[in-house]
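Trainee: I have a new model open and would like to learn how to read it. Can we go through it feature by feature?

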Amino acid sequence: MPAAGRFVHLLKQRRFWTRFGRNVTTWSPVGAAFNTKAQRRYLFGVQGLFGVPELSCPEGFEVATKKALKKTECLLEKACCGPPGVQTVEAFDQLSDGLCKVADLADFVKVAHPDPEYRKAAEKTCIEIGTVVEKLNTNVELCQSLRKLLDNADMATDLDADTRRVAELFMFDFEISGIHLDDKRRKEAVALHVKLLDLNNEFLVGSHMPNRIATSVVPQHLHFHFANEGSFIQVGGLHADSPDDLVREIAYRVYLYPNADMFECLEELLKCRYKLAKLVGYESYGHRALKGTMAKTPGECALLSISRTAKDFDMMRGMKKKLNPRNSELMPWDHSFLSGVVRAERYNIEPSLYSPYLSLGACMEGLNNLFCQLYGVSLMSEQPGVGEVWSEDVRKLAVVHETEGLLGYIYCDFFHRSDKPHQDCHFTIRGGRWCQDMGQYQLPVVVLMLSLPQPTKSTPTLLTPGMMENLFHEMGHAMHSMLGRTRYQHVTGTRCATDFAEVPSILMEYFASDYRVISQFARHYETGQPLPETMVARLSESKKVCGAADIQLQVFYAVLDQLYHGKPQNCSTTDILKEMQQKFYGLPYVPNTAWQLRFSHLIGYGAKYYSYLLSRAVASMVWKQCFLQDPLNRDMGERYRREMLAHGGAKEPMLMVEGMLQRRPTMEDFVDALVSELEPNFETFMMDSES
């Protein structure tokens, strides 16, 4: 039966949260799947991770890698020897798809699988395929086959817009990898790429490693805050939200204490990136990284600098003096905690007041309802097969459109595990593309990873407002992957310019703050009472308190990232950090700390950390112009999908923004959008006074 027909009857059976009597609630299938502990009833035979047969054991990665590389050889011959035309680009995309299907899956497994043998095998696969990709990017014969197509004016003109765009993106990959260099320098470029793969991995792993300090140094009554390791205490994070000043200070000083090996790794990484950029013809690594983005050049990123923090820091100082009169100096470890305290005191937004209304199942039903109204899409819980998932508590969702049928799959790894990274993120496991030979669409597969508490027999998982917002954010990435229907895998979903990729996820945060959306699902898990509108209004307004300081902190990080990837400075990375912290942030540098060694975004977002700010500005403009009046407007949802989500990276990012806003914004418009986010809404104060 066609995918559309297969799921129509399920759509008709979809039901939302209802309340019977006083304390009895029922959940739709998707709500029930997340509000109860997983009960596996396997309906299929044994299969590998994500349904890949080879991956039923760690050794399967070697088999899958060999299979992908063998297929690569066949496709390489097809791409190099075939006549120039659309089929050339299709061969390139098949080549990319075959490698990505193994490499992307391995990239996820190496950080998330609980079995160290799986992680080790996956990491080996990542390095092996990464090395092959770098060699392909400097394969002269492969490049020439694409150049024949693009240099032939008649042929290039006849290409449809998507095919031409993808061909140009592949050519761009060749150019930034040094294809135009002579043999000697091209080999040097490949060697630098391969070296960077190792350095990137070393820095990424090291940036998350805990530090240790002698137990005797830490006051006895604070030991329980940290992991104990015999005569040492292990500090694996900043404990930024701890109410104890001394706990935050100890964590900050110990976790950020400089590590000589990590210093050397970062210095070498930045040196290699600069050397590679210069070798292939760019002024700096920043110039190389920003080509093809909305910002275009490092200079334009600097326009995002904002300075409205003095008042925010004064509020935090006042709060610290109130809480700790003996030690009232405001320090970097105070920012997150004190801004939260100021917000909570001013707007009475204690998270425990909200959590009973925000069970995970209710939030998933809310997302289901929102997607149904905006796009005609439903989330449907599916039972995974034996060996398909890496942990018993992983849920699988089928994403189904009311007329198009099955769009793809989302694996939800939402619950805390001791061996799991404490970060919220989205992974592409398989990209979507049109398979010409099979006459059907290759369905996208993604993973969303959160770290939420497990439900109990009597209580579902209850989310804080921050957790709920993160869930909506990550689901924004997932729907970007699901709703795209690109012809080519190379530009599917989130495979787009980095400073555009965060727009759909940040836009979802606005939906998560709007009462018209929240009122459809936020119910007390015991009584069924709705979350009061005044509480939602206060929560939304509270985000503006200390908002300038929060934005300024992001500006500091973005500027630091740009400087690290600009022309080499005659000073250490710490010296650069000290100077930029004083100039762009405002809170003092703490001696004998090296925050940059924990700046893991330098790997995936090298020279592009500014993307979070620019994406927030774009999302703000889209929300205010297109959804603020009616966040559940189907026509606007369809326009959003048509103009932005559907294209992935197959269209210039600024053209997508222009299509949605129906005007081309300037960088000054983006700065104004960020600043306008801080303006108070006096209706909230009126609602509070009336209630």
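Trainee: Which domains does the domain assignment of the chain give?

Mentor: One caution before that: this is a predicted model. The assignment gives domain 1, made of 18-36 + 348-530, and domain 2, made of 49-180. Notice that domain 1 is written as two segments. Read both segments together when you colour domain 1.

Trainee: How far apart do the C-alpha centres of domain 1 and domain 2 lie?

Mentor: The two centres are 29 Å apart. The contact draws 25 residues from domain 1 and 27 residues from domain 2.

Trainee: How much area do domain 1 and domain 2 bury between them?

Mentor: They bury about 2,300 Å². Of that area, 58% is on carbon and sulfur atoms. Next, look for the residues that lose the most. In domain 1 these are Trp390, Tyr488 and His490. Together they make up 30% of what the domain 1 side buries.

Trainee: How many salt bridges does the rule find across this interface of domain 1 and domain 2?

Mentor: The rule finds four. Polar contacts are a separate count: 15 residue pairs between domain 1 and domain 2.

Trainee: Which strands each supply at least two residues of the side of domain 1 that touches domain 2?

Mentor: Look at β9 (425-430) and β12 (445-452). β9 gives the most to that side, with four residues. Sorted by class, the domain 1 side has eleven nonpolar, seven polar and seven charged residues.

Trainee: Let's take one salt bridge. Where along the chain do Arg487 and Asp160 sit?

Mentor: Start with the pair itself. Their side chains meet in a salt bridge, with N to O at 2.9 Å. Arg487 is in the loop between α18 (465-483) and α19 (498-501). Asp160 is in the loop between α7 (153-158) and α8 (161-176). The two residues are 327 residues apart, so the pair links distant parts of the chain.

Trainee: Are Arg487 and Asp160 buried or exposed?

Mentor: Neither label fits. Arg487 is partly exposed, with a relative accessible area of 27%. Asp160 is partly exposed too, at 30%. The buried label needs under 20%, and exposed needs over 50%.

Trainee: Where do Lys110 and Asp107 lie?

Mentor: Both are in helix α4 (residues 86-112). They are three residues apart, about one turn of the helix. Their salt bridge has its closest N and O atoms 3.3 Å apart. Asp107 is partly exposed, at 34% relative accessibility.

Trainee: How many salt bridges does the structure hold?

Mentor: It holds 39. Some join up: Asp245, Arg248, Lys320 and Asp334 are linked in a network of salt bridges. Another bridge pairs the side chains of Arg664 and Glu658, at 3.0 Å from N to O. Arg664 is partly exposed, with a relative accessible area of 49%. Glu658 is partly exposed at 28%.

Trainee: Now backbone angles. What sign of phi do most residues other than glycine have?

Mentor: Most of them have a negative phi. A positive value is therefore worth a look in a residue other than glycine. Phe50 is such a case, with a positive phi of about 55°. Gln662 is another, with phi near 60°.

Trainee: Where is Phe50 found, and is Phe50 buried or exposed?

Mentor: Phe50 is in the loop between α2 (29-35) and α3 (60-81). Its relative accessible area is 13%, so Phe50 counts as buried.

Trainee: Which residues does Phe50 touch, not counting residues up to four places away in sequence?

Mentor: Phe50 touches Leu105, Phe108, Glu388, Trp390, Tyr411, Ile429, Val445 and Val447. Take Ile429 as an example of contact across the sequence. Phe50 and Ile429 are 379 residues apart along the chain, yet their C-alpha atoms are separated by 8.6 Å. You have met Trp390 already, among the domain 1 residues that lose the most area to domain 2.

Trainee: And Gln662: where is the place of Gln662, and is Gln662 buried or exposed?

Mentor: Gln662 is in the loop between α28 (653-661) and α29 (667-676). At 61% relative accessibility, Gln662 counts as exposed. Put the two side by side: Phe50 is buried, whereas Gln662 is exposed.

Terms used. Residues numbered from 1 in each chain as written. Predicted model: local features only at pLDDT ≥ 70, side-chain atom pairs only at ≥ 80, totals over all residues. Heavy atoms only, no water. Domains from an automatic or database assignment. Contact = heavy atoms within 4.5 Å. Buried area = accessible area lost by both parts, 1.4 Å probe. Polar contact = N/O pair within 3.5 Å; in protein donor to acceptor, adjacent residues only side chain to side chain. Nonpolar A, V, L, I, M, F, W, Y, C, P; charged D, E, K, R; others polar. Buried < 20%, exposed > 50% of the residue type's maximum accessible area, 1.4 Å probe, protein only.
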